[in-house]
Structure formats: structure tokens, C-alpha cells
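Visitor: I have a protein structure open and would like to learn how to read it. Could you walk me through a few features?

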Amino acid sequence: DFSKQGHGPLVQKIFLELVQLGEGAQDTRRRVLKRTLLQGDHPSETEAILAGLASSRLVSIEGSGVASPEDNFVEVSHEALIREWPRLRSWLDTSRDALRVQRRIVAAAEAWAAHRRPMEDLLRGSGLSEAEEYMKSHPDGLTPSGVAFVKASLKKMKRQRQRAIWISISLLVLLFFSAVSLLFAVRQSWIAQSRQFAAESERMLNSDLAVALRLAVQAGRRYHTDEAEAAISKAMGQPLVRLVLHQSGGAAHAEFSGDSRRILTAGSDGVVRVWDALTGDIVASFKAPMGIVSEAKFSPDSRRLVTAGSDRTARLWDTETGNLLATCVGHES
């Protein structure tokens, strides 16, 4: 009859509430306050169904009676009904897991309310995820107090997530400004070192030009300051070594050795000279028998050199001894 009237879901909900799920044992009767059963969205329909079930002796209602009917207890009349009624057994089989979740939530909600709603008693972690999923799939499955309990737990979780996000953002901002401050400090240190090198370079200009140039280069490498640029300009504007070249005529040719430690010059006086590139001293000189030396070259290892000039002859020399090693003739012009 209840199914024909469209109250089948409410009847199912009532009977499921009146069954104590057995954990490894048989399911038994469960006494429930009438007011708990009336807390749903359809209290008047639930009241009528309970009255009908009581008149059919399927449930029993006992307690304070007419004076306070909501304080009465409702339970299944006979446990045999739980064991033998196929429809109830089918409802239990399909709803057992959801019922366990629902009763865990309700028990936690009642404890939370009894302890004046402390924040530490709210759901969290997997328990909250389970409760949230249950509330979505069973909109009418929880009492108002259960719904309030789950919503309060979700609100707390949301606040905690927002707090965690703000903390993360704050840490990132702090890290960013710390990195900027560190880079600024490093930059200031580089600038100070560059200016120090530049000042030392300027002090060395008149005493040791080579050292002054190295210090100016170090200043520029450390940081490109105006002082470093000025130091490099001053050092580069000064000759490191002056070579007093050939007295008669000009120097037609000059080049460095492969290791840059020596300089080779040749000119119209027919003399080839090898100089120390650091001191400007003459290391060796080679006099061609006649004519102008217009070209001279070091060998790759700088141990020999070759000269050529206006007498149509090329000559090979030993740079260490100054000896003539070979003469190459045959050019007609």
C-alpha cells in the first residue's frame, strides 16, 4: 500500500534506520528516537507511515506517550522480520556500506555537538572525503545536524587550504625579495671590487704599465663601471714597451712570435732583429749580405726564421744561435 501511495522510499529509509548492522554477526533491532526519524524533509508523511506501521504491528512505539510523542522510541516489532522479510534483506544488502558511512558521520556529529562543537573534532582527511561523497550521493541521507557537521568540516578544510596557499605565496614572495637582495648585494660587491681594481691600476700607471693594464682588465671583467672603462683607456693609451727601431730607413715589417714572447722586425737597413716583447731588449740580429729585407717570418715553433728582400734571395736563420742555415736563390726579379 505504501508503494502504491508513493511512500516506498520513506518506508525503506525508516526500516533501514531501525536495523543494527551486525559486524560478523546477525543484524538486530535498533531503537531510534522518533524525533530522529522525523528530522527529514517529509515529517508529516513519516509520521503517517509510522502510525500505519505501528497499527500493522510491524514497528512498536514506546516512551513518554501523548505528552511528548517525539521522545518515544521506535523499533522493529520482531527481529524475525529482519531475518525473514526478503524486501528488507534486499534493502540491507544494497545499502549496507552506505549505512555504515552514514552512521559513522552521525555518531561523529553527535559527539561534536555534545562537546560544544570543537574545531579539532571536525572531520579531515579520508574521513572527510568519504563524508563529502556520501552527502553528494545521498542528499537526504543525513540529519540536519549531520549535514551541518560535514559542512563545518568542509569549511575548515577550505580555510586550511587557503591559509596554506597564502603561506606558500608569502614564502615565495619572501624568497623572491631575498634573492633580489642577494643579487643586489653581490652586484654592489662586484662594483666595489671593480672600482678598487681600477684605482690600483691608476696608481701603477707610472711604475709598472703591464700590471696597470692587467688590473684595468680585471676591473672591467668584475663589473663594467665607469672607473674600469677609464682605467682601461688610460692603460691602453700608454705603450707597454718602446722599441727603438732601425736608425737608417724605416721598419718594413714587424710581427710577434707564436708564443707572443718575441717580436721580429725587418727594414731597409737590411738588418732583421729579434726583441724581447716584455723588456724591449734585442735578443738577436741578422744582417743580410745586401739589399733591403722586406719580409721576415718566424717558424711555428719560433726556433727559426726566414727572410726575403730586394736581392732576390730568401734565407733561413737559427734564432738561438744567429747562424745562417740555408740560402734560397733563383728569383730573377
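Guide: Gladly! Keep in mind that this is a predicted model. Let's begin with an enclosed space: the largest cavity is lined by eleven residues, and those nearest its centre are Ala288, Val293, Gly309, Asp311 and Arg315.

Visitor: How much space lies in the largest cavity?

Guide: The largest cavity holds about 40 Å³. In total, two cavities of 30 Å³ or more are counted in this model.

Visitor: Which strand gives the most to the lining of the largest cavity?

Guide: Strand 11, residues 304–309, gives the most, with three residues. You can also sort a lining by residue class: here there are five nonpolar, four polar and two charged residues.

Visitor: What lines the second largest cavity?

Guide: Look for Ala109, Trp112, Ala113, Arg117, Ser145 and Ala148. Two elements each give two or more residues to this lining, helix 5 (86–114) and helix 7 (144–203). Helix 5 gives the most, with three residues. The volume of this second cavity is about 30 Å³, and its lining has four nonpolar, one polar and one charged residues.

Visitor: Let me stay with helix 5. At what angle do helix 5 and helix 6 pack?

Guide: To read a helix pair, look at the angle between the axes and at how far apart the axes are. Helix 5 and helix 6 (residues 125–137) pack at about 115°, with axes 10 Å apart. Angles of 65 to 115 degrees count as roughly perpendicular, so helix 5 and helix 6 are roughly perpendicular to each other.

Visitor: Is their crossing left-handed or right-handed?

Guide: The crossing of helix 5 and helix 6 is left-handed. On the helix 5 side, Ala98, Val101, Gln102, Arg104 and Ile105 make the contact, while helix 6 brings Glu130, Ala131 and Tyr134. By class, these contact residues are five nonpolar, one polar and two charged.

Visitor: Now the backbone, please. What should I look for in phi angles?

Guide: Most residues other than glycine have a negative phi. That makes a positive value worth a look, and Arg117 has one, with phi near 55°.

Visitor: Where does Arg117 lie?

Guide: Arg117 is in the loop between helix 5 and helix 6. You have met Arg117 already, in the lining of the second largest cavity.

Visitor: What is the phi of Ser260?

Guide: Ser260 is not a glycine either, yet its phi is positive, about 60°. You will find Ser260 in the loop between strand 6 (251–256) and strand 7 (262–267).

Technical notes: Residues are numbered from 1 along each chain as its sequence is written. This is a predicted model: local features need pLDDT of at least 70, side-chain atom pairs count only at pLDDT 80 or more; totals for chains, interfaces and linings use all residues. Side-chain values use heavy atoms; hydrogens and water are left out. On a 1 Å grid over the protein atoms alone, a cavity is a set of points where a 1.4 Å probe fits but cannot get out, and a pocket is an open set with protein on both sides within 12 Å along at least five of seven lines; lining residues have an atom within 4 Å of a point. Grid points are joined across faces, edges and corners, and a volume is the space filled by probe spheres set on the points. Helices (H or I, at least four residues) and strands (E, at least two) are DSSP runs, numbered from the N terminus. Ala, Val, Leu, Ile, Met, Phe, Trp, Tyr, Cys and Pro count as nonpolar, Asp, Glu, Lys and Arg as charged, and the others, Gly among them, as polar. Axes are lines fitted to C-alpha atoms, for helices over the stretch in contact, and angles run from 0 to 180 degrees between N-to-C directions. Angles under 35 degrees count as roughly parallel, over 145 as roughly antiparallel, 65 to 115 as roughly perpendicular and the rest as oblique. A crossing is left-handed if the near helix is turned anticlockwise from the far one by less than a right angle, and right-handed if clockwise. Contact means heavy atoms within 4.5 Å.
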